[in-house]
Amino acid sequence: MRQHNVSSKPQQQASLSVAVYDWCAGIAVNMVMLSTVFLVGIVMLVAWHLSVFWTLLFVVPYVIIEGTFLSANLLNIPHGGWFSLSLAAGLSSFCLLWIWGSAQKAAAVHK
């Protein structure tokens, strides 16, 4: 009985899309965690009036851990991660341009 050789091309494409999605989720979580740590550091300094020593004692270990995870995720940029980053950069540029244009329009109206 002859078995049919089923191509694994769709499975490879599916696993690639899952890998890209996992990478996108991983870098998003890393960036959120890093920004949260920096924002908590700012709150510790400004709102809670803690010394720089205690703030750095809290922030530095988290930045080291999250920076390690981020560096591991950045190794995937040549393998499809560039698309997510370029899409995010394009959308962020559009939003920043919109904000700048709105500020220019408001300044011109109030002149």
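1. A good place to start is how the chain contacts itself. In the protein chain, 69% of the contacts between residues at least 6 apart in sequence join residues at least 24 apart. Please keep in mind that this is a predicted model.

2. Next, the overall layout. The protein chain has three helices and zero strands. Read from the N terminus on, its elements run α-α-α.

3. Now for burial and surface. The protein chain has 111 residues, and 14% of them count as buried. About 9,100 Å² of the chain is exposed, with 74% of that supplied by carbon and sulfur atoms.

4. If you would like one residue to look at in helix α2, try T55. Helix α2 covers residues 52-74, and T55 is placed within it. Is T55 buried or exposed? Its relative accessible area is 4%, and buried means under 20%, so T55 is buried. Leaving aside residues up to four places away in sequence, T55 touches G41, M44, L45 and L50.

5. For helix α1, S35 is a handy marker. This helix spans residues 9-46, with S35 inside it. The relative accessibility of S35 is 35%; because this value lies between the 20% limit for buried and the 50% limit for exposed, S35 counts as partly exposed.

6. Finally, a pair to find on the structure: S35 and V63. How far apart are S35 and V63 in space, C-alpha to C-alpha? The distance between S35 and V63 is 9.7 Å, while in sequence they are 28 residues apart.

How values were computed: Residues numbered from 1 in each chain as written. Predicted model: local features only at pLDDT ≥ 70, side-chain atom pairs only at ≥ 80, totals over all residues. Heavy atoms only, no water. Helix = DSSP H or I, 4+ residues; strand = E, 2+ residues; numbered from the N terminus. Buried < 20%, exposed > 50% of the residue type's maximum accessible area, 1.4 Å probe, protein only. Contact = heavy atoms within 4.5 Å. Areas by Shrake-Rupley, 256 points an atom, 1.4 Å probe, with all protein chains shown as cover.
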